[in-house]
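Visitor: I would love a close look at one part of this protein. Could you walk me through a sheet and then whatever goes with it?

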Amino acid sequence: MQLSDRTHQIFTELRVYPSSVTQQGELTYALAEPKPGQRQLVILAPPASRLLEQFVGEASGGAQTMLVGPLDSHNARTLRSELSWLNPATLGLGTSAGFGDRLGIATPGHLRALREAGGHIAPIPAQQSIREMTRTGRSPQQVFDDAMWGVFAEGWRAGFAADADHLKSIDDIDRCVAAGYTFYTFDPGEHVDNTADTAPVAALHQKFEALPWAALEDSPEDLLARYLAPQYVEGRVLQFDGETLVRASVKYGRAIAHVARLYRHLATVSSGRAWEVEISVDETETPTTPAEHVYLATELRRLGVQWVSLAPRYVGRFEKGVDYIGDLAAFTADFAIHAAIARTFGPYKLSLHSGSDKFSIYEIAARETRGLVHLKTAGTSYLEALRTVAQVQPDLLRDIYAFSLERYEMDRSSYHVSAELDRAPSPAGMPDRAVPMLLDQFDARQILHVTFGSVLTAQDSSGRSLFYDGMMEVLHSHPEAYAANLKSHFLRHLRLFAAYSKQAKE
Ligand SMILES: [Zn+2]
């Protein structure tokens, strides 16, 4: 971009991010960081620009007006209305990857990894569940805006989406629609009956009769009649027997009714906007069988639900922050059938949740889906932040780790983890150079992973943050180190997906 010498000088003084500089019409926009951690929006405009008045900040005069303003939600919204590439879009069936970012400053590292990976992977840099927002004290709007500032900082114009992750209620949807999300992940997990796999037949039939048939716009007789004929999935024949069908509907029937309710609400409140839906049942106790997947897809479709990706619960264990745990041959066989079902009954993408660090299955997932796949990563961006802290200020990481050890038993309850405190290294007397290695030790890694909410919100008796401020200071004063850690971490995830990636057809 050609800038005048004077503009160049101003931008250098303000420490503008070169990749953010955008000229549009009479205005020049940029993101600056005059002091570490104090990022500002900078806009240059001709004198008396009407457009400039829409932004908040301090304006100074001269041959051209310069406004320096905060990265608040007002300026974010105004900037989005001027620069169309800052608005999230829908991604359709293109290969995609989502990046949960609990601190709100990881987007540049994510986008750099994606850029270097090549191929056609569309990013979802705003991705947070309501559970994570609650734990970190951030609102849907903050998460959304933080990602947008990252997109702006990197000058990423290739498109992105914003994922309102693991939504469970109508209220969750409304908050995220108001913020402008484009990708809605419905999680009906609380309505999945995990006892269906093993319940004795008598109890099973009672539950079957008690399903919400009106909401399902169905009856037991009609359901049983619909599945009498065999189902064909790319040369495989799937024949439902009565018991399999009854178990599948007891397990997922209420979940389907709930998804239909959420979906219709979203369709009503989002009419006229661009939006798309993912359905996730990944956080249930038992794997989703191929027959159950067929049942889910068939019934959701019958109720008018449309989705771009679906996250069944696969075989094996998808624990937080560590590689896949289970038999790879069994996973491959199971996953191949799910991929075939997704092609036959959609097509739609298969989604991999808790997808960080699952290095041994990426190739399988990318290959078997032929790129019709969405990878969801979350939490390991926080771990890379901790790695950066460990490298720069090992004492602080030692304190965070000691605190995480105390909180682990309490915080682990809602996560799939198997770390044990007695296998985790002790922080006492650990030499500085060993501290970063905590991020690579199985138990320490999971313990640090699930205690993020406690760490980020911990305060002393006078209400001062125990760790958050210190962490952010390190990350703000070493943004390149953090971005580099993120980039190398996520490149390991994305390379294999890039090789099989497909762009969405228009
Ligand atoms: Zn999930």
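Visitor: In what order do the 5 strands of the open sheet stand, and is the pairing parallel or antiparallel?

Guide: Happy to help! A word on the source: this is a predicted model, in which local features need pLDDT of at least 70, side-chain atom pairs count only at pLDDT 80 or more, and totals for chains, interfaces and linings use all residues. Residues are numbered from 1 along each chain as its sequence is written.

The open sheet runs β1-β2-β3-β5-β4, with antiparallel pairing. Strands here are DSSP runs of E, at least two residues, numbered from the N terminus, while helices are runs of H or I of at least four; two strands pair if DSSP finds at least two bridges between them. β1 (22-24) and β4 (58-60) are the edge strands, each with a single partner, so one side of each has no neighbour in the sheet. From one strand to the next, the twist averages 25°, using axes that are lines fitted to C-alpha atoms and angles from 0 to 180 degrees between N-to-C directions.

Now look at the β4 edge. Its antiparallel pairing with β5 (residues 65-69) covers 3 bridges, and A59 sits opposite L67 in β5.

For contrast, turn to another open sheet, with 9 strands in the order β7-β6-β16-β15-β14-β13-β10-β9-β8 and parallel pairing. Its edge strands, β7 (122-124) and β8 (126-129), each pair on one side only, and the twist averages 20° from one strand to the next. Within this sheet, β14 (residues 309-311) and β15 (residues 349-352) pair in the parallel sense over 2 bridges, with S309 opposite K349 in β15.
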